[in-house]
Each structure stands twice: as C-alpha cells, then as structure tokens.
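Me: I would like to take a close look at a single part of this protein, and then see how other parts of the model compare in the way they are described. Please go slowly, since I am new to reading structures.

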Amino acid sequence: MRHKFWETQPVGQFEDTGDTSLPEGPIEPPTPLSEVKQEPYNLPNLYEWITCDIDSEETCAEVCNLLNHNYVEDDKNMFRFAYSKEFLRWALRPPGYCKSWHIGVRVKSSKKLVSFIAGVPARIRVRDNVVAMAEINFLCVHKKLRSKRLAPVMIKEVTRRVHLENIWQAAYTAGVVLPTPISSCLYWHRSLNPKKLIDIGFSRLGAGMTMSRTIKLYKLPDSTSTPGFRKMELHDVPAVTRLLRSYLNQFEAAPDFDENDVEHSFLPKENVVDSYVVESPESHKITDFCSFYSLPSSILGNQKYSILKAAHSFYNVATETPLLQLMNDVLIVAKQKDYDEFNALDVMQNVTFFEELKFVPLDGNLHYYLYNYRLRNALKPMELGLVLV
Ligand code: NHW
Ligand code: MG
C-alpha cells in the first residue's frame, strides 16, 4: 500500500525493514531554529487555525464535544470513546506542557471546531538514550471532512510547532498500520460486569454458558487481599518514582519519569486516574504500585445503557507482592468503583497474569510509532514499557 504522506516523512519506511546497515536513532538532524517555518501551514480558505486554551471551560467543552462525536469507534461502530473534560485537562497539561501544541481548526464563518490534534512533552528512553519527545494524541477530523487530506496538514502543523520548541522526535499510537510500527500490541479485556457487557453486545455468552454461570465465573471478592494495599497519596510520590524508575529500566523503550511527572500522572483523580500502593505493615516501605486510567465509551443506539465504563491498566510495579495478586486486587477496586470492564495491553509483564485472571484478547492491534527515530528491528510488546493514554 502506498502512503503518499507518510512516505515523505522521517519515519521508518516499510522497504527499510530489516536493513541492519541503517543506524539506530534520529533519521534527520535538527534544523537550525531560524530555518523552521514561522507561519502556519495553509488551510483551505473556509478554515482557520486556533490554539485551544484547555484552561477555558468553554474551549475544553468544545474539544470534548468534537471528540465525543467524531473520535475513535470500534470496527462495528457500536462504541465511541467518550473523554471527560477532567480527563482531557489531565492528559493535555503534564509538567512543562506547551499551549501552542493544542491545535484546533475552526470554520471561519460559524467558528465551529472541526479538527483537533495535541502534543505533550515527554522524556522517553529508547535503549540507552533518553530523548526529549512530543507525545501526539487526539488527532480528530470531523466526520463530514474525512478523506480530504486534512489529517496530513494537522500532523505537519503540530510537527512545526514542536520543532519551534527545539524538539525533533515524537511518539504516538494508532489502531491503523502506518510506516512503520516499532511494536504491535494486543488489547486484552477482563469482564467486571458481564451481564451489561452481553446486553450491549460488547461480549457474547460463551458456548454452553448460561448468564448465571458467566456472572459466577467473573465474580470477584468484595475486598482486596494484600495487607497494606491502599490508595496512593501525595507523600508517596518519591517512593513511587523510585519504584517506577527502577522497574522501567529493564524495557527497551519507556518513559523517564521524575517526581513531577509521577505526581501529575499518578496522583489519584476522581474518574481520571487511580493508583494504589502496598505499604508494608511492618517496615512501612512502599513495595508495590499499580494504576489505571478511566476511559469510558458511549454506547451508540442502545435504549437501556448509554455509557460503558472502562478502566485501562497504566503502570504496575510488583516487587514484594506477586503481580498476579496485585492485579487481582486492582480488578477488585475497579469493580468496587463500578467499572464494567478492565483493559490491558500485552506490554511489560502483563501477559503473565492475563489467563489466570480471566482476561481474553480483543481483536485489533494497537501499533506504537516513533517519529524521526529509527529502530533496527521491531520490539516485542513485552520489551515495551510505555503506555500512552
Ligand atoms: S490514533 C486516533 C486517530 N483518530 C481517530 O481514529 C479518530 C477518528 N478518525 C478521524 O478523525 C491516536 C480521521 O479518520 C483521521 C484521519 C483524523 C484519523 N495517525 O485527512 P485524510 C492519535 O491521535 C493518514 C497518523 O484524508 P481522514 C495519534 C493516512 O494514512 N496518520 O484522512 C495521531 C493518510 O496518509 P497516507 C493517519 O480519515 C498521530 C492520511 O492520514 C492516521 O480524513 C499522528 C489521510 O488523511 C492516524 N491515526 O483523517 C502522527 N489516520 O500517507 C503524529 C490516517 O497513508 C506524528 N492517517 O496517504 C508526529 C508529529 C510530531 C512530530 C514532532 C517532531
Ligand atoms: Mg480530511
């Protein structure tokens, strides 16, 4: 398949796959800042660029509204991601975030928001190198403007604005195959509320299973089992940062978190992100950590239910508690918080608990990409220590 846009970009090209003579690292060197294009790319005449002020209640609601009607759907168009304003604010304002990387396109006459793309800064270690990157997310073009080559303009504009901050690499994920994934991962899913999931057509009764046997199969204990398992608090930030840094070291690509990042990304926020630690009852040391973020979907065209509450596994570190037991406790708290399902990618050590904890694979991959950074060969999901929201 030809990729008229992506073939022009500094990304791994399909024909170079397996060419071990090419070096790892940046594909193109940085351009002198004075040579970075100063004006925005051209848009068709009816449209204009805006920088979206996510602090503004009104603008944040507009972005949410665009995404909630036009963002990612499943392949049968039964569900569509439904981001909350609180979630967007959290995802788009990490330490050091850049307002100019929150980019919208409006219709000049009506001021209607019709497209969005966002970047946030992140330090990502790839093998031995910590690289300043942008994480790109929330690329969305209104359904009525699809297939008109607006997406490449959005991507070029965010690239330009990232370059203006002297950053030359980016990381992103997508369900579609583009040149060229650094890794291709699978989502696994664990039913928490099987009756609802079956009622809305998300899952089906297994062969020879009744509803009551299914409910029994997925039943979880009422309370967690690990002594010292509790919600993460502000004073845990240094200990959690140490746990994460030493754990993530083993992966080929992973974020380089500092305490500011950890406070922002993991301190619990109602309906956005939840994190738990295990504090040893004897030594009071923080020995284990686990977290998930909240990403509901709208259920399209169902009379009885409108929202599917999904928890997504984020980062987990087990040093004393077995990972399986820690994740079982996470499932228990997710169930207590009324989530309908729990999702996890097959990254890091997640495959070690999937079967035992009754996860099943979903169809469709999530592909990881780097912009302007070549890897000699694709990574196995278990070599990847990176989860983007
Ligand atoms: S993935 C979620 C993307 N969003 C959705 O799926 C929402 C629903 N879909 C849409 O809104 C997470 C549209 O279908 C979109 C495409 C906007 C997806 N990534 O305008 P045209 C992210 O947000 C290429 C990258 O006609 P359209 C990550 C496609 O291959 N490229 O299509 C975002 C083709 O190029 P090709 C994608 O359907 C990462 C061209 O766009 C893509 O009206 C962005 C067609 O454009 C995707 N998900 O709009 C990259 N989907 O070469 C960041 C399609 O094949 C790179 N395309 O001809 C780094 C930048 C920063 C660098 C800094 C140094
Ligand atoms: Mg288009």
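Is C60 buried or exposed, going by its relative accessibility?

Reply: Please keep in mind throughout that this is a predicted model. C60 has a relative accessibility of 0%, and because buried means under 20% relative accessible area, C60 counts as buried. A natural next step is to ask about a bond to another cysteine. The closest cysteine sulfur to that of C60 belongs to C64, and the two sulfurs are 5.3 Å apart, which is too far for a bond, because a disulfide needs a pair of cysteine sulfur atoms within 2.5 Å. C64 also holds the closest cysteine sulfur to that of C140, but here the distance is 11 Å, again too far for a bond. C140 is itself buried, with a relative accessibility of 2%. For the structure as a whole, the number of disulfides is zero.

Burial can also be followed along whole elements. Helix α2 covers residues 85-92, and six of its eight residues are buried, so the helix is largely enclosed by the rest of the structure. The buried residues of α2 are F87, L88, R89, W90, A91 and L92.

The same reasoning can be applied to a strand. In β10, which spans residues 273-279, six of the seven residues are buried, so this strand too is largely enclosed by the rest of the structure. Strand β10 has pairing partners that you can trace in the model. With β8, residues 229-231, β10 runs antiparallel and is joined by three bridges, and among the paired residues F229 has V278 of β10 as its bridge partner. With β11, residues 286-294, β10 also pairs in the antiparallel sense, this time over seven bridges, and V277 has F289 of β11 as its bridge partner. Strands β10 and β11 form a hairpin with six residues between them, and in that turn H284 has a positive phi of about 60 degrees.

Finally, there is enclosed empty space to consider. The structure holds one cavity of 30 Å³ or more, and the largest cavity has a volume of about 50 Å³. Its lining is made up of Y187, Y293, H312, S313, N343, A344, L345, N350 and V387. The elements that give two or more residues to this lining are β14 (310-313) and β16 (341-345), and β16 provides the largest share, three residues. By type, the lining residues of the largest cavity divide into five nonpolar and four polar, with no charged residue.

Key:
Residues numbered from 1 in each chain as written. Chains lettered and ligands numbered in written order. Predicted model: local features only at pLDDT ≥ 70, side-chain atom pairs only at ≥ 80, totals over all residues. Heavy atoms only, no water. Buried < 20%, exposed > 50% of the residue type's maximum accessible area, 1.4 Å probe, protein only. Helix = DSSP H or I, 4+ residues; strand = E, 2+ residues; numbered from the N terminus. Pairing = 2+ DSSP bridges. 1 Å grid on protein atoms, 1.4 Å probe; cavity = no way out; pocket = protein on both sides within 12 Å on 5 of 7 lines; lining within 4 Å. Points joined across faces, edges and corners; volume = space filled by probe spheres on them. Nonpolar A, V, L, I, M, F, W, Y, C, P; charged D, E, K, R; others polar.
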